[in-house]
Amino acid sequence: MISIEQIDIAKDRMMTLQTPTGDTTPLTIDFFHDVVCGWCYVMSPRLRQVAGELDIEVRHRSFVLQDSRERMVQAFGSMEQAKSAILGHWEACAKQDDEQRIDIEGMRAESFEYPNGLAGAHACQAAHIMGGDAAHWDYFDAVQNAHLSQHRNIGNRSVLLDIAVELGFARDVFAAHMGSEAASERVRADRDEARKLDIRSIPTLIVGPDLDRLQTMPVPALKARLQAIMRNA
């Protein structure tokens, strides 16, 4: 007969065999982002790389800084000034982008007004409803590529649906989710969580039980910080 003590010892040995070397503790990161944010475009592939290497779960949170034309005018003075100021930020982002993907002059030449990120946030949440965090991340990266590399108008619903189709989503189903109350509620919930955490800029990574905050940094620095947090968790 096997005693309870023997069963417990066997479980402990199995857990030891399954635990990664280095005494690391699995982490969850909340990635707060906006589809129109150049720094998010720089950070997302870096986080993908490091999260894959360290087996970290990433949860995606929509946090729209300006959610309407009116808010953009309030923040920048006019839509023309908004585009000029934001493209100035793009220049800083482009210098830090690892793959030099940002097409500043392409966007400068476009005639449409610079979009806010609200429609894109709803589209990201539609992807999340259909496929969880992985689909959210894939769609977020695709819409950012459309915006910052292809200078497409991601404030346009048809463009957002085209991007969804390019990723393999059914257009009608995606459109229904994008316009649903469920997507709106997910956007509101993420923004409420950002306010509770007093997040004021993006990208912001909220890491682990101590809610460490990280922002854009190179891959080696990001990996080192996350490994340190994992060791201390």
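**Reading a sheet, its helices and a pocket**

Tutor: Let us begin with Asp198, which has a relative accessibility of 43% and therefore counts as partly exposed, and keep in mind throughout that we are reading a predicted model.

Student: Where along the chain is Asp198, and what is the value of its phi?

Tutor: The general idea is that most residues other than glycine have a negative phi. Asp198, in the loop between helix 9 and strand 3, has a positive phi near 60 degrees although it is not a glycine. Asp55 also has a positive phi, about 55 degrees, without being a glycine, and Asp55 sits in the loop between helix 2 and strand 2. With a relative accessible area of 65%, Asp55 is exposed, because that value lies over the 50% cut-off.

Student: Which two residues does a cis peptide bond join?

Tutor: In general, most peptide bonds are trans. Here a cis bond links Ile202 to Pro203, with omega at about -5 degrees, and Pro203 belongs to the loop between helix 9 (181-196) and strand 3.

Student: In what order do the strands of the sheet lie?

Tutor: Strands of a sheet pair through backbone hydrogen bonds, and they may do so in a parallel or an antiparallel way. In this structure an open sheet of 4 strands follows the order 2-1-3-4, with mixed pairing. Strand 2 (57-62) and strand 4 (212-214) are at the edges, and each has a single partner strand, so one side of each has no neighbour in the sheet. From one strand to the next, the twist averages 25 degrees.

Student: How many bridges join strand 1 to strand 3, and which residue is the bridge partner of Asp30?

Tutor: Strand 1 (residues 28-33) and strand 3 (residues 204-207) run antiparallel and are joined by 4 bridges. Asp30 has Ile206 of strand 3 as its bridge partner, while Phe32 stands opposite Thr204 in strand 3. If we look towards strand 4, Ile206 has a bridge partner there as well, namely Arg213, and 3 bridges join these antiparallel strands, 3 and 4. Strand 3 and strand 4 form a hairpin with 4 residues between them, and in its turn Gly208 has a positive phi of about 70 degrees.

Student: Are the residues of strand 3 buried or exposed?

Tutor: Both faces of strand 3 are covered, since Thr204 and Ile206 on one side, and Leu205 and Val207 on the other, are all buried.

Student: Which helices should I look at beside the sheet?

Tutor: Helix 6 (residues 118-149) lies across strand 1 and strand 2, and runs at about 175 degrees to strand 2. Helix 10 (residues 219-232) packs on the sheet and touches strand 1, strand 3 and strand 4, with its direction at about 175 degrees to that of strand 4.

Student: What is the volume of the largest pocket, and which residues are the closest to its centre?

Tutor: The largest pocket has a volume of about 340 Å³. It is lined by 19 residues, of which Val36, Cys37, Leu65, Ile86 and His89 are the closest to its centre. Helix 2 (38-54), helix 3 (69-76) and helix 4 (79-96) are the elements that each give two or more residues to this lining, and helix 4 supplies the largest share, 4 residues. By type, the lining consists of 13 nonpolar, 5 polar and 1 charged residues.

Key: Residues are numbered from 1 along each chain as its sequence is written. This is a predicted model: local features need pLDDT of at least 70, side-chain atom pairs count only at pLDDT 80 or more; totals for chains, interfaces and linings use all residues. Side-chain values use heavy atoms; hydrogens and water are left out. On a 1 Å grid over the protein atoms alone, a cavity is a set of points where a 1.4 Å probe fits but cannot get out, and a pocket is an open set with protein on both sides within 12 Å along at least five of seven lines; lining residues have an atom within 4 Å of a point. Grid points are joined across faces, edges and corners, and a volume is the space filled by probe spheres set on the points. Ala, Val, Leu, Ile, Met, Phe, Trp, Tyr, Cys and Pro count as nonpolar, Asp, Glu, Lys and Arg as charged, and the others, Gly among them, as polar. Two strands pair if DSSP finds at least two bridges between them. Axes are lines fitted to C-alpha atoms, for helices over the stretch in contact, and angles run from 0 to 180 degrees between N-to-C directions. Contact means heavy atoms within 4.5 Å. Buried means under 20% relative accessible area, exposed over 50%, partly exposed in between (1.4 Å probe, protein chains only).
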